[in-house]
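Subject: Structure for you to look at

Hello,

Here is the structure I promised to pass on. Please open it alongside this email; my notes follow.

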Amino acid sequence: LENALRGASHLSVQRCDSLFWVCASASGAPPLPMRTTAAFPADAGRCYTQLFHPLLDRGYYLAPSGFEVGFLAASHTEAHVDGLAAALLSLQATLK
């Protein structure tokens, strides 16, 4: 997921082992690493909300808040992760 989103114009993903979180901003990709919520852009929560339901419609359920982490499990295949990355990349242009 990190590699697929590297260079994204409005998204960043930070990962630690099997935990990850996605940060979105209409003003550009948030810088990494983000160590606290204070490092998140002011519009991160609003932009994440704009991603949540379109991702759900595509079959990807992430936490309902942009300030919660996601978990990768052994049941997730490379195709699952690649599909999520492709869905995120396709949605980034819709962020306002």
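The structure holds one cavity of 30 Å³ or more. It is a predicted model, so please read everything below in that light. About 60 Å³ of space lies in that cavity. Its lining is made up of F20, W21, V22, Y48, L62, A63, S65, E68, V69 and G70. Strand β2 gives the most to this lining, with three residues. By class, the cavity lining divides into seven nonpolar residues, two polar and one charged.

There is also open space to look at. The largest pocket has a volume of about 240 Å³. Thirteen residues line this pocket, and the closest to its centre are F20, Y61, L62, H76 and L84. Two of these names should look familiar: F20 and L62 are in the lining of the pocket and also in the lining of the cavity. Helix α3 (78-91) and strand β3 (70-71) each supply at least two residues of the pocket lining. The top contributor is α3, with three residues. The class count for the pocket is nine nonpolar, four polar and no charged residues. The cavity lining, for its part, includes one charged residue.

Now the sheet. Three strands form an open sheet, in the order β1-β2-β3, with antiparallel pairing. The edges are β1 (11-16) and β3, each of which pairs on one side only. As a reminder, strands of a sheet pair through backbone hydrogen bonds, either parallel or antiparallel. Between β1 and β2 (residues 19-24) the antiparallel pairing runs over six bridges. Which residues can you use to check the register? R15 has F20 as its bridge partner in β2, and V13 has V22. Both partners turn up again in the cavity lining, F20 and V22 alike.

β1 and β2 form a hairpin, with two residues between them. One point in the turn deserves a look. D17 sits in the loop between β1 and β2. Its phi is near 55°, a positive value in a residue other than glycine.

There is a second backbone feature further along. A cis peptide bond joins L32 and P33, with omega at about -5°. P33 lies in the loop between β2 and α2. Why point out D17 and this bond? Because most residues other than glycine have a negative phi, and most peptide bonds are trans.

Helix α2 (residues 44-57) comes next. It lies across β1 and β2. Its direction makes an angle of about 105° with β2. One residue of the cavity lining to find here is Y48.

Please also check H10. It is placed in the loop between α1 and β1. The C-alpha atoms of H10 and A24 are separated by 5.7 Å, although the two residues are 14 apart along the chain. Leaving aside neighbours within four places in sequence, H10 is in contact with C23, A24, S25, A26, S27, G28, A29, P30, Q92 and L95.

Last, confidence. The chain averages a pLDDT of 92. 100% of the residues score at least 70. Among the elements, helix α1 (residues 2-5) has the lowest mean pLDDT, at 88. Helix α3 has the highest, at 95. That same α3 gives the most to the lining of the largest pocket.

If you have time for a short session, start with F20. It is in the cavity lining, it is among the residues closest to the pocket centre, and it is the bridge partner of R15.

Best wishes

Methods
Residues are numbered from 1 along each chain as its sequence is written. This is a predicted model: local features need pLDDT of at least 70, side-chain atom pairs count only at pLDDT 80 or more; totals for chains, interfaces and linings use all residues. Side-chain values use heavy atoms; hydrogens and water are left out. On a 1 Å grid over the protein atoms alone, a cavity is a set of points where a 1.4 Å probe fits but cannot get out, and a pocket is an open set with protein on both sides within 12 Å along at least five of seven lines; lining residues have an atom within 4 Å of a point. Grid points are joined across faces, edges and corners, and a volume is the space filled by probe spheres set on the points. Helices (H or I, at least four residues) and strands (E, at least two) are DSSP runs, numbered from the N terminus. Ala, Val, Leu, Ile, Met, Phe, Trp, Tyr, Cys and Pro count as nonpolar, Asp, Glu, Lys and Arg as charged, and the others, Gly among them, as polar. pLDDT is the predictor's confidence in each residue, from 0 to 100. Two strands pair if DSSP finds at least two bridges between them. Contact means heavy atoms within 4.5 Å. Axes are lines fitted to C-alpha atoms, for helices over the stretch in contact, and angles run from 0 to 180 degrees between N-to-C directions.
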